[in-house]
Amino acid sequence: MRISDFIEATNAAQTTDEVFLLYEKAVTSFGFDRIMYSALTHHPIHDCATSPSIVRNYPDDWINHYVEQGYSHTDPVRKHGILFRGPF
């Protein structure tokens, strides 16, 4: 999918679920089957204590395991996101 097509499609989307499905389709075209859009800092509208993401397609049992094991403290992807602003 070309970035211009993605932008046009997301601008036409009616819901956040539609936007996530477009994002999921775009990412899977690059060979990724799991994705997560995360907030790296706490915001009152999100319960970051029980979920490290805003939207995702990871299974609930994996997210529960991730939280229970405290992986957010050693996750290299999370650390990169904190140190370097912008998409990666």
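Author: Before we start, a definition: a patch is made of residues with over 30% relative accessible area and no salt bridge, and its nonpolar side chains are joined within 5 Å. The model we are discussing is a predicted one.

Reader: Thanks! Which residues form the nonpolar patch on the surface?
Author: Happy to start there. Phe-84 sits in the segment after α4, the helix that spans 76–83. Together the patch members have about 320 Å² of accessible area. The residues that form the patch are Ile-82, Leu-83 and Phe-84.

Reader: What pattern does the protein chain follow along the sequence?
Author: The protein chain has 4 helices and 2 strands. Reading along the sequence gives the order of these elements, which is α-α-β-β-α-α.

Reader: Where in the protein chain is confidence highest?
Author: The mean pLDDT of the chain is 82, and 80% of the residues reach 70 or more. Confidence is lowest in strand β1 (residues 36–37), with a mean of 80. At the other end, with a mean of 92, is helix α3.

Reader: What share of the residues of the protein chain counts as buried?
Author: Let us look at the surface beforehand. Its accessible area comes to about 7000 Å², and 58% of that belongs to carbon and sulfur atoms. Of the 88 residues in the chain, the share that counts as buried is 18%.

Reader: Among contacts between residues at least 6 apart in sequence, what share joins residues at least 24 apart?
Author: Here two residues are in contact if they have heavy atoms within 4.5 Å. With contacts between residues at least 6 apart as the starting set, the share that joins residues at least 24 apart is 21%.

Reader: Is Leu-22 buried or exposed?
Author: Leu-22 lies in helix α2, which covers residues 16–28. Its relative accessible area is 18%. The cut-off for buried is under 20%, so with 18% Leu-22 is buried.

Reader: Which residues does Leu-22 touch, not counting those up to four places away in sequence?
Author: One partner is Phe-6, which is 16 residues from Leu-22 in sequence and 7.2 Å from it in space, C-alpha to C-alpha. The full set that Leu-22 touches, beyond four places in sequence, is Phe-6, Ala-9, Thr-10 and Ala-13.

Reader: How many salt bridges does a search of the whole structure find?
Author: In one of them, the side chains of Asp-5 and Arg-2 meet at 3.3 Å, N to O. Another joins the side chains of Asp-60 and Arg-56 at 2.8 Å, N to O. The number found in the whole structure is 2.

Reader: Does Arg-2 count as buried or exposed?
Author: Its salt-bridge partner, Asp-5, is partly exposed at 35% relative accessibility. Arg-2 has a relative accessible area of 56%. The cut-off for exposed is over 50%, so at 56% Arg-2 is exposed.

Reader: Which backbone oxygen does the side chain of Arg-56 reach?
Author: Arg-56 lies in strand β2 and is partly exposed, at 26% relative accessibility. Its side chain also makes a polar contact of 2.8 Å with the side chain of Asp-60. The backbone oxygen reached by Arg-56, at 2.5 Å, is that of Tyr-58.

Reader: How far apart in space are Arg-56 and Ile-35, C-alpha to C-alpha?
Author: Setting aside neighbours within four places, Arg-56 is in contact with Phe-20, Ile-35, Met-36 and Ile-63. Arg-56 and Ile-35 are 21 residues apart in sequence. Their C-alpha to C-alpha distance in space is 5.6 Å.

Reader: Which backbone nitrogen does the side chain of Asn-57 reach?
Author: Asn-57 belongs to the loop between β2 (55–56) and α3 (60–68), and at 16% relative accessibility it counts as buried. Outside its neighbours within four places, Asn-57 is in contact with Phe-20, Glu-24, Asp-33, Arg-34 and Ile-35. The backbone nitrogen that the Asn-57 side chain reaches, at 2.8 Å, belongs to Ile-35.

Reader: Which side chain makes a polar contact with the side chain of Tyr-66?
Author: Tyr-66 is found in helix α3. With a relative accessible area of 12%, Tyr-66 is buried. At 2.6 Å, the side chain in polar contact with Tyr-66 is that of Asp-75.

Terms used:
Residues numbered from 1 in each chain as written. Heavy atoms only, no water. Buried < 20%, exposed > 50% of the residue type's maximum accessible area, 1.4 Å probe, protein only. Polar contact = N/O pair within 3.5 Å; in protein donor to acceptor, adjacent residues only side chain to side chain. pLDDT = per-residue confidence, 0-100. Patch = residues over 30% accessible without salt bridge, like charges linked within 9 Å, V, L, I, M, F, W, Y side chains within 5 Å. Areas by Shrake-Rupley, 256 points an atom, 1.4 Å probe, with all protein chains shown as cover. Salt bridge = Lys/Arg side-chain N within 4 Å of Asp/Glu carboxyl O.
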